[in-house]
Amino acid sequence: MQTLTHWIGGDPAPGERHLDVTNPASAEVIGRVPLADTATVAHAIEAARAAQPAWRDTPPAKRAQVMFRFKMLLERDADELCVLISREHGKVLEDAMGELKRGIENVEYACGVPELLKGEYSHNAGPGIDTFSNHQALGIVAGITPFNFPAMVPLWMFPMAIACGNAFILKPSEQVPSAAMKMAALLEEAGLPAGLFQVVHGDREAVEALIDAPDVKALSFVGSTPVAKAIYRRGADNGKCVQALGGAKNHAVVLPDADLDNAASTLIGAAFGSAGERCMAISVAVCVGDATADALVAKVGEQARTLKIGPGTEKGLDMGALVNAAHRDKVAGYIEQGEAAGAELVVDGRRHPLVTQSPGYFLGATLFDRVTPEMGIYRDEIFGPVLCVVRVETFEEAIALINAHRYGNGTCVFTRDGEAARRFSDAIEVGMVGINVPLPVPVAFHSFGGWKESLFGDLHAYGPDAVRFYTRRKAVSQRWPARSAREQAQLNFPSS
Ligand code: NAD
């Protein structure tokens, strides 16, 4: 059993209080993670303050070289990282590799930082006046990340923040702490000076210390909506730039003309991949017409019953365990609640043999039909392997249903009709839309973000928005009048 440390100023730092880290596939305690207090967070801020000015003044091309080396090291140690992710989170190795690859895309994008930081320049913006604007680093910035993507979500944040000239403090989820420590070691090996990437593990105390620290200029948060809302408010009150990404309830609309075999197979992946513990997981299929619903439920039901479930570190499986006992029980509670509310339980994940035969936190795939909008299983984010089918009569009804939901992270439509698809992407009040693409997570050179209660803040995560988020703009106007020129005092507002 390993006792983890924080990573402060380039060194492991011991902890105060500790929490057990558990392998969800076996329920065994596999480690202990320290939980930082305010003094430990202050220690990390001090190390960041000492390191950041020289890094800010390092040419962006040199900063990018560290990211090039970091990318190669992530690829070299990808298998090891995936085992760390799978052992603490429960997801299958192939899925861990998927999240890591999507995370590495963000490092690749950050390698282009010299180009991304190029400002704008206007020669003779006024008589003899040149104006230029540039992006300057903020100083110290922090990220607070959820359990479900131990590598990818931190990689949405720190490569670009650091490449822009900032020092970054990561507070990863205390349930999955090891991937962050491995990435800290790889950044050191890549040549990043000490103090520019630090890891403080912890819970609410560590998070609040970061939000209240005047030296921390910006906070990126990803997690559940109630916490996102509270962090956004408190951070903004403290004068920080905050982006707080929250929860989700993602709908897929299935139109009668869709290729139903294809829709069913891709929905299986989008609903049950990573045991549904993805903020972009599809948790509701809105079927237009009873014939569409009948056919889709039959196809999804058949495949859902045959998914291969087991410990994520074993090869060739479809789905691993849920992250912890409390979460597995919460998801099982929703299944009970849906049944009691009158939804039709087509596949019951609680009946999967591993639920009783394994000490791990397993639950099989669950499919509900005839779910209605007032049911808790429709309204709430369940964050587990539960797919709800809602039946509607028209496409307009499907759009109105989605637009009325409080979350607006991702959505998709399955159709062969280009006109319908275009109408959908125009009218839908959701931040990320797929047309026959069930998990429309944008690539690293776009940005990621939901609408409504799925994101608090103005800028989305990663991509071009990250360059804006982790920098401040400065506009400089300059003139160099000839020594001989006599200038009259001018009291009216200058104009060209
Ligand atoms: P969570 O909100 O419980 O925890 C997220 C982070 O906040 C963790 O680091 C945790 O230690 C910290 N935290 C928890 N409670 C806190 C409190 N009261 N005060 C301060 N900090 C606190 O979320 P989770 O269970 O780790 O992750 C699952 C949630 O994250 C789901 O709701 C999911 O939809 C969401 N998520 C959203 C996105 C997105 O991009 N929108 C991506 C991934 C996950």
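This is a short chat about the cores, cavities and pockets of a predicted model.

Visitor: Which residues touch the most other members in the largest nonpolar core?

Guide: That core has 99 residues, and the ones touching the most other members are Phe-70, Trp-156, Phe-168 and Phe-197. Helix α6, which covers residues 152-163, supplies the largest share of this core with 10 residues.

Visitor: And where does this core lie with respect to domain 1 and domain 2?

Guide: The core lies between them, because domain 1 (2-246 + 454-476) and domain 2 (250-435) both give residues to it. Apart from this core there is another one, of 66 residues, which includes Ala-271, Ile-335, Val-389 and Val-392.

Visitor: Going back to Phe-70, what does it touch?

Guide: Leaving out residues up to four places away in sequence, Phe-70 touches Val-107, Leu-155, Phe-158, Met-183, Leu-186, Leu-187 and Ala-190.

Visitor: New topic: how many cavities of 30 Å³ or more are there?

Guide: A search of the whole structure finds three, and the largest cavity holds about 90 Å³ of space. Its lining is made of 15 residues, and those closest to its centre are Gly-276, Arg-278, Ala-281, Ser-283 and Phe-383. By class, that lining has eight nonpolar, four polar and three charged residues.

Visitor: What about the largest pocket, what is its volume?

Guide: The volume of the largest pocket is about 980 Å³. Its lining has 42 residues, with Pro-146, Phe-221, Gly-223, Ser-224 and Val-227 the closest to its centre.

Visitor: Why does that pocket lie between the two domains?

Guide: The largest pocket lies between domain 1 and domain 2 because both give residues to its lining, and the elements giving two or more residues include α6, β11 (216-222) and α12 (325-341).

Technical notes:
Residues are numbered from 1 along each chain as its sequence is written. This is a predicted model: local features need pLDDT of at least 70, side-chain atom pairs count only at pLDDT 80 or more; totals for chains, interfaces and linings use all residues. Side-chain values use heavy atoms; hydrogens and water are left out. A nonpolar core is a set of buried Ala, Val, Leu, Ile, Met, Phe, Trp, Tyr and Cys residues joined through side-chain atoms within 4.5 Å. Buried means under 20% relative accessible area, exposed over 50%, partly exposed in between (1.4 Å probe, protein chains only). Helices (H or I, at least four residues) and strands (E, at least two) are DSSP runs, numbered from the N terminus. Domain bounds come from an automatic or database domain assignment. Contact means heavy atoms within 4.5 Å. On a 1 Å grid over the protein atoms alone, a cavity is a set of points where a 1.4 Å probe fits but cannot get out, and a pocket is an open set with protein on both sides within 12 Å along at least five of seven lines; lining residues have an atom within 4 Å of a point. Grid points are joined across faces, edges and corners, and a volume is the space filled by probe spheres set on the points. Ala, Val, Leu, Ile, Met, Phe, Trp, Tyr, Cys and Pro count as nonpolar, Asp, Glu, Lys and Arg as charged, and the others, Gly among them, as polar.
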